[in-house]
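Let's walk through this one together, a piece at a time. Keep the viewer open as you read.

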Amino acid sequence: MNIKKKGFNIALDGLSGVGKSSIGCQVAKRLNFTFIDSGLFYRYIADRFYLDDTIQLNEIHLFKNKMIGSPSYYLQEIEFYLQEKTPQEELQIGQKASEISKVPEIRNIINEIIQTITKNGGYVVVGRDATIKILPNARVKLVLEADFEMRLYRRVKQLNAEEFVAKVFSDLLKRDVDSFDLVLEAKKVATIINTSNLSIKQVVARILSRISWVKYSDNNILHFIIFILFVFVYTLRAHFLEKIESN
Ligand SMILES: Nc1ncnc2c1ncn2[C@@H]1O[C@H](COP(=O)(O)OP(=O)(O)O)[C@@H](O)[C@H]1O
Ligand SMILES: Nc1ccn([C@@H]2O[C@H](COP(=O)(O)OP(=O)(O)O)[C@@H](O)[C@H]2O)c(=O)n1
């Protein structure tokens, strides 16, 4: 799909395990956009700057400046850093991430980084507050949803954590409680896609067709405005010609 990068962002919202990251990443690839998973920011900051029960805010501010200075480098750094973790470490980091996500200053820092990086468009941003807090001006806003059982099944499989099902269950429930209001708000401003009975491929296809539709309506509005301008100029010209002739 050939969509111009500038001025166009996509925000993908939803509860844990709905498929934001896997689907957002594929949508970004298909559009040649850059993918940003806001959850990775919370995880990275939690693991690096939340040590011995102390949040190192100065370090986080320094990190913000570095990240805004070299976004591509740090987006890769965050991704690689977290890829190295075992399933058990991932669960622990996820818990720490949930804790620090309750600190408004940290939320503001992460939102500011992402808003600055994405200001020229060409990004797919995912996260449970992507449509209302991170990118309220995104051109395309979507909320993914799926049944709790389905999300639990997907998460256990993803983490290869059959022996920690109870842990994954309680984690998911806690995250749902924490993000329920945010996602409810998101549903008021975004298009909702239920992914319970859809494969990743099918969800990606739906999103791409939604984006095509948005582009199509944008183009039609543009064509309509050009048409009205054309009629206006033509009428004005005819009016003046008539006046000149009558003089
Ligand atoms: N529609 C789907 N069908 C099957 N598996 C899915 C679907 N969406 C996501 N998954 C799988 O579920 C797991 C959780 O998805 P993820 O993208 O990490 O969710 P989120 O980012 O919303 O927490 C991943 O292993 C992913 O491959
Ligand atoms: N936009 C976001 C992204 C993540 N987070 C927090 O960071 C944690 C880790 O992010 P994640 O994307 O890996 O988590 P899940 O959406 O998979 O639960 C989440 O459980 C949230 O507590 C948030 O508060 N806001």
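Start with a ruler for helices: the expected span is 1.5 Å times one less than the number of residues, where helices (H or I, at least four residues) and strands (E, at least two) are DSSP runs, numbered from the N terminus. Before using it, some housekeeping: this is a predicted model, so local features need pLDDT of at least 70 and side-chain atom pairs count only at pLDDT 80 or more, while totals for chains, interfaces and linings use all residues. Residues are numbered from 1 along each chain as its sequence is written, chains are lettered from A and ligands numbered from 1 in the order in which they are written, and side-chain values use heavy atoms, with hydrogens and water left out.

Now put the ruler on α6, which runs over residues 104-117. Its 14 residues reach 20 Å from the first C-alpha to the last, close to the 20 Å expected. Which residues of α6 are buried? Buried here means under 20% relative accessible area, exposed means over 50%, and partly exposed is in between (1.4 Å probe, protein chains only). The buried set in α6 is Ile106, Arg107, Ile109, Ile110, Asn111, Ile113, Ile114 and Ile117. As a reminder, an α-helix has 3.6 residues a turn, so residues three or four places apart point the same way.

Zooming out, UniProt has two annotations to look at, both from an unreviewed entry; its positions are given in the numbering used here, feature names are shortened, and annotations may be inferred rather than shown by experiment. The record's "domain: Cytidylate kinase" covers residues 10-211. Over that stretch the chain is 65% helix and 13% strand, and its end C-alpha atoms are 9 Å apart. The record also lists residues 220-240 as "transmembrane region". Here the chain is 100% helix and 0% strand, with end C-alpha atoms 30 Å apart.

On to the ligands. A residue is near a ligand if one of its heavy atoms lies within 4 Å of it. By that test 15 residues surround ligand 1, and the closest are Gly17, Ser21, Ser22, Arg155 and Leu198. Helices α1 (20-31) and α8 (148-159) each supply at least two residues of this shell. By type, the shell splits into four nonpolar, eight polar and three charged residues; the bins are Ala, Val, Leu, Ile, Met, Phe, Trp, Tyr, Cys and Pro as nonpolar, Asp, Glu, Lys and Arg as charged, and the others, Gly among them, as polar.

What about polar contacts, meaning pairs of N or O atoms within 3.5 Å (within protein, one must be able to donate a hydrogen and the other to accept it, and residues adjacent in sequence count only if both atoms are side-chain atoms)? A polar side-chain atom of Arg155 sits 2.8 Å from an oxygen of ligand 1, and a backbone N or O atom of Lys20 is 2.9 Å from a ligand oxygen. On the nitrogen side, the side chain of Arg154 brings an N or O atom to 3.4 Å from a nitrogen of ligand 1. Taken alone, ligand 1 exposes 570 Å², and the protein buries 80% of that; these areas come from the Shrake-Rupley method with a 1.4 Å probe, and for residues only the protein chains shown count as cover.

Ligand 2 also has 15 residues around it, with Ser16, Arg43, Arg128, Arg155 and Arg175 coming nearest. Arg155 is thus listed among the nearest residues for ligand 1 and for ligand 2. This second shell divides into two nonpolar, six polar and seven charged residues. Arg107, one of the buried residues of α6, has a side-chain N or O atom 2.8 Å from an oxygen of ligand 2. Arg175 places a polar side-chain atom 2.6 Å from a ligand oxygen, and Asp129 has a side-chain N or O atom 2.7 Å from a nitrogen of ligand 2. On its own ligand 2 has 500 Å² of accessible area, of which the protein covers 94%. The elements giving two or more residues to its shell are α2 (38-49) and α5 (87-100), and α2 contributes the largest share, four residues.

Finally, have a look at Asn9 in strand β1 (residues 9-13). Asn9 counts as buried because its relative accessibility is 10%. Its side chain reaches the backbone nitrogen of Gly122 at 3.3 Å, and a polar atom of that side chain lies 3.0 Å from the backbone nitrogen of Tyr123.
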